[in-house]
Protein chains: 2
Amino acid sequence: MSPQAVKARKGEETRAQILDAAVQQASEAGFESLTIGTLAGRTGLSKSGLFAHFGSRTELQVAALDEAARRFTEAVFLPAFKAPRGVKRLRALFGNWITWPEHAHLRGGCPIHAASAEYDDQPGPMRDAVVERQRLVARELGKAVRMAMDNGELRADADPRQFVFEMLGLILAFYHAKRVLGDEGATGLAFSGFDRLVDAHRAPAAKTATRTAAARR
Amino acid sequence: MSPQAVKARKGEETRAQILDAAVQQASEAGFESLTIGTLAGRTGLSKSGLFAHFGSRTELQVAALDEAARRFTEAVFLPAFKAPRGVKRLRALFGNWITWPEHAHLRGGCPIHAASAEYDDQPGPMRDAVVERQRLVARELGKAVRMAMDNGELRADADPRQFVFEMLGLILAFYHAKRVLGDEGATGLAFSGFDRLVDAHRAPAAKTATRTAAARR
DNA sequence: ACAGAAAACGAACGGTCGTTCTATTATTTC
DNA sequence: GAAATAATAGAACGACCGTTCGTTTTCTGT
């Protein structure tokens, strides 16, 4: 019937709908707020009908986190790989990162950030999944920084971990300023910080080639 | 009887004990984990006995947040006021800030940080209390930055909001690196970032009058 | 079209939740 | 030390929690 013939079984389709609602909910109120009952009501399923898709509530939470991480990669990292290696790509990552929640229509902010705060001290499958994801992200970000060093755009003796640390700090500060303090100027503050961060790690370069610095807007 | 004669009524004493347990618990598992039952068990009280100290669960949560904020001020800001105005005081604030949870024996990390993530998108008394607190802290931090500018230690044309934004970012990055990634070098990374932040905003000592930026390093 | 499989439902379970009420202790006040 | 008051306990409530189980509906492959 359908042209592509790749017809997902019905179950997978509703499972996707459930996870969509779950990610939305987790974004707004955290992964601990994911209960079988409310999620069933939100998707129009019965409690037991929804439950059957996941063996337990915890598995549902982990599945929702996986789905959120998948979307994060799709919205932040994949598009950035189209930018050329180096500072350009780092800037693309930074920009995508601070805008992806609204781009993904997640009113409640970055769900991965929420999960980090929720499970940073509670052992279990959720914490394990969160830590693994964050480690992976930090590693990938480190690679992108190293590329900029190999490029010659950043100093060869720079510390990638320091760069990653501060870049993540700017992102966290952005979320905080925007969502908690309601600061509308957060985007500008974030990019100013990023520019200064790049500048501090930039290779001397004899001020010729790429000398963009603060002039951006 | 007692020399000071300031004898607290019994109720206030147990109320303090309850809040102590509550702050501890909130540090480990968030303010949403504060339930009447578990907290009653933890303090050896009956559910109704504990409940009587607060009119509702929400009031208990708010009281716990207030207590956490009180301890934060006591551990971070008050000691820093003993340092001389300027960069020294800013550094004291920074150092106190990243160590206060363990100094206050809060294994689960900064409870205010936890509350920010929990309620950043959930309207209600808790969110209001969190936002008010964070605004206050940002304002106080801004004052400390301005003092360093008046001092001449930081450039007169520096943007205090930018400094505060990035300093908070470093603190958030520290918590994240330490608690989520388990990075033992987080303290060093944090202080390196702070040094660079101060450096970027430092007044050009002697040298020429006012050099705008970039060429340092 | 029909059989077999997959998906969803509905009712029920034991627990815990916040909250209310009444009764019983402890503590303060005179 | 007695009277007044504050502090705590105990039992019960309705609501929701995650989960199980048997049934019924819907889909899928032939």
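Which polar side-chain atom lies 3.1 Å from a phosphate oxygen of DNA strand C? To find out, open the structure, bearing in mind that this is a predicted model, and follow the stops below.

**First stop: DNA strand C**

Select B:Thr35, for a polar side-chain atom of B:Thr35 is the one that lies 3.1 Å from a phosphate oxygen of DNA strand C. Then select B:Ile36, where a backbone N or O atom lies 2.9 Å from a phosphate oxygen of DNA strand C. The bases are reached too, as you can see by selecting A:Ser48, whose side chain has an N or O atom 2.5 Å from a base oxygen of DNA strand C. Now colour the elements that give two or more residues to the surface near this strand, which are helix H1 (10-29) and H3 of chain A together with helix H2 (36-43) and H3 of chain B.

If you display the 21 residues around DNA strand C, the ones that come nearest are A:Ser46, A:Ser48, A:His53, B:Ile36 and B:Arg57. Of the atoms of DNA strand C that come within 4 Å of the protein, sugar and phosphate account for 65%. Coloured by class, the residues of this surface divide into four nonpolar, twelve polar and five charged.

**Second stop: DNA strand D**

Move on to DNA strand D and show the 22 residues around it, of which A:Ile36, A:Arg57, B:Ser46, B:Ser48 and B:His53 come nearest. Begin with A:Ile36, which places a backbone N or O atom 2.9 Å from a phosphate oxygen of DNA strand D, and continue to B:Thr14, which has a polar side-chain atom 3.3 Å from a phosphate oxygen of that strand. At B:Ser48, look instead towards a base, since an N or O atom of this side chain is 2.8 Å from a base nitrogen of DNA strand D. Here the elements that give two or more residues to the nearby surface are helix H2 (36-43) and helix H3 (47-51) of chain A, together with helix H1 (10-29) and helix H3 (47-51) of chain B.

**Third stop: B:Gln134**

Finally, select B:Gln134, which you will find in helix H7 (residues 125-151) of chain B. Is this residue buried or exposed? B:Gln134 is buried, because its relative accessible area is 10%, and buried means under 20%. Its side chain is joined to that of B:Ser116 by a polar contact of 2.5 Å. Leaving aside neighbours within four places in sequence, B:Gln134 is in contact with A:His176, A:Val180, A:Leu181, B:Ile112 and B:Ser116, so display these residues together with it.

Terms used. Residues are numbered from 1 along each chain as its sequence is written. Chains are lettered from A and ligands numbered from 1 in the order in which they are written. This is a predicted model: local features need pLDDT of at least 70, side-chain atom pairs count only at pLDDT 80 or more; totals for chains, interfaces and linings use all residues. Side-chain values use heavy atoms; hydrogens and water are left out. A residue is near a molecule or strand if one of its heavy atoms lies within 4 Å of it. A polar contact is a pair of N or O atoms within 3.5 Å; within protein, one must be able to donate a hydrogen and the other to accept it, and residues adjacent in sequence count only if both atoms are side-chain atoms. Helices (H or I, at least four residues) and strands (E, at least two) are DSSP runs, numbered from the N terminus. Buried means under 20% relative accessible area, exposed over 50%, partly exposed in between (1.4 Å probe, protein chains only). Contact means heavy atoms within 4.5 Å. Ala, Val, Leu, Ile, Met, Phe, Trp, Tyr, Cys and Pro count as nonpolar, Asp, Glu, Lys and Arg as charged, and the others, Gly among them, as polar.
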